[in-house]
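Welcome! Here are some short exercises to try with the structure open beside you. Have a look at it, then work through each task before reading its solution.

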Amino acid sequence: MSGVLGVGALTVNTCLYNVDGGERAVMYDMLRGGILDDVRSEGTHFMIPFVQRPIVLDVRTRPREIPSVTGTKDLQMVNIKLRVLWRPIYEKLPQIYRELGADYDERVLPSIGNEVLKSVVAQYNAEELLSKRQEVSHRIRSELVKRASHFHLDLDDVAITHLTFGKEFMRAIESKQVASQEAERQAFVVKKADQERMAVVTRAEGEAEAASIITKAMEKNGNAIIEVRRIDAAKEIAEKLANSRNITYLPSAASGGSGGSSGSSGPGLLLGIDAK
């Protein structure tokens with residue numbers, strides 16, 4: 001009795017198979033001519049032993065990086081990498097397996113990715129790939145989604161992850177940046193010189209206007225204004241000398257003897273004494 005139960009359990013076990021989460025299964029049937037058109041979803045399913053064989057395929061969204069070395073419109077070589085999030089169309093799994101096999105992604109994605117990258121990049125100059133990166137990425141995505149649909153693949157996201165140019169082009173870009181910075185510096189120097197020139201002109205115009213005013217005042221009032229200026233200058237000098245500790249005043253000695261009349265005296269002396 002136990003032997004019969006064991007054989008029965010083994011028979012039931014060989015007639016059942018499981019499809020886990022994130023997977024789908026297609027059935028190979030020897031009597032019905034190969035891969036059947038229906039797709040088995042997640043769960044436990046029945047099969048005919050020795051006649052049918054389930055093929056379980058992963059249908060979860062997976063990333064794939066597609067590298068390519070291609071040329072731009074101005075004949076610059078560019079090294080570009082594309083990241084693609086892809087998954088198969090569930091209903092088309094029997095056709096995908098029938099035409100491409102279980103490793104369909106290895107057969108399809110590198111081929112169409114390189115084809116689209118070369119065709120799109122060839123329409124832009126090297127500088128445009130940098131300045132119009134979003135536009136280039138959008139065009140690559142549109143073309144790649146269109147090409148992938150022919151092989152029953154859905155692309156959830158397409159993005160450029162790496163973009164580098166040859167050494168010659170990078171040196172040319174660096175030289176251009178240095179030249180641009182030098183041009184900006186020269187423009188600043190020229191602008192500064194213009195401002196200084198305008199300041200000199202404005203100062204000269206102010207001095208000329210002041211001289212004209214003084215001339216008119218002298219013509220009207222004589223030398224009175226010069227005397228006023230001289231007095232102001234003398235007062236300013238006297239204040240500075242009075243506040244200086246190193247200036248000493250020496251009055252001049254009176255000429256003549258002690259009993260005679262006093263003669264004319266010369267001006268006093270201001271001595272600068274170095275106090276060390």
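Some notes on the model come next, followed by three exercises with worked solutions.

This is a predicted model, in which local features need pLDDT of at least 70 and side-chain atom pairs count only at pLDDT 80 or more, while totals for chains, interfaces and linings use all residues. Residues are numbered from 1 along each chain as its sequence is written, and side-chain values use heavy atoms, with hydrogens and water left out.

**Exercise 1.** Find the largest cavity and say which residues line it.

*Solution.* Step one is the idea behind the search: rolling a probe the size of a water molecule over the atoms shows where empty space is left. A cavity here is a set of points, on a 1 Å grid over the protein atoms alone, where a 1.4 Å probe fits but cannot get out; its lining residues have an atom within 4 Å of a point. Step two is the search of the whole structure, which gives one cavity of 30 Å³ or more. Its volume is about 30 Å³, where volume is the space filled by probe spheres set on the points, and points are joined across faces, edges and corners. Step three is the lining: Ile-80, Val-121, Leu-129, Val-136, Ile-160 and Leu-163.

**Exercise 2.** Which parts of the chain does the salt bridge between Arg-98 and Asp-37 tie together?

*Solution.* Start with the term: a salt bridge is a side-chain nitrogen of Lys or Arg within 4 Å of a carboxyl oxygen of Asp or Glu. The structure holds twelve of them. Arg-98 and Asp-37 meet at 3.1 Å, N to O. Arg-98 sits in helix H2 (residues 93-100) and Asp-37 in strand S3 (residues 34-40), so this pair ties together parts 61 residues apart in sequence. Helices (H or I, at least four residues) and strands (E, at least two) are DSSP runs, numbered from the N terminus.

**Exercise 3.** Is Arg-64 buried or exposed, and which residues share a network with Arg-64?

*Solution.* First, the scale: buried means under 20% relative accessible area, exposed over 50%, and partly exposed in between (1.4 Å probe, protein chains only). At 17%, Arg-64 is buried. Next, look for partners. Arg-64 forms a salt bridge with Asp-105 (3.8 Å, N to O); this pair links strand S6 (residues 62-71) to helix H3 (residues 104-121), 41 residues apart. Asp-105 is buried at 13%. Arg-64 also meets Glu-106 in a salt bridge (3.2 Å, N to O), and Glu-106 is partly exposed at 48%. Finally, put the pieces together: salt bridges with shared partners join Arg-64, Asp-105 and Glu-106 into one network.

Technical notes:
On a 1 Å grid over the protein atoms alone, a cavity is a set of points where a 1.4 Å probe fits but cannot get out, and a pocket is an open set with protein on both sides within 12 Å along at least five of seven lines; lining residues have an atom within 4 Å of a point.
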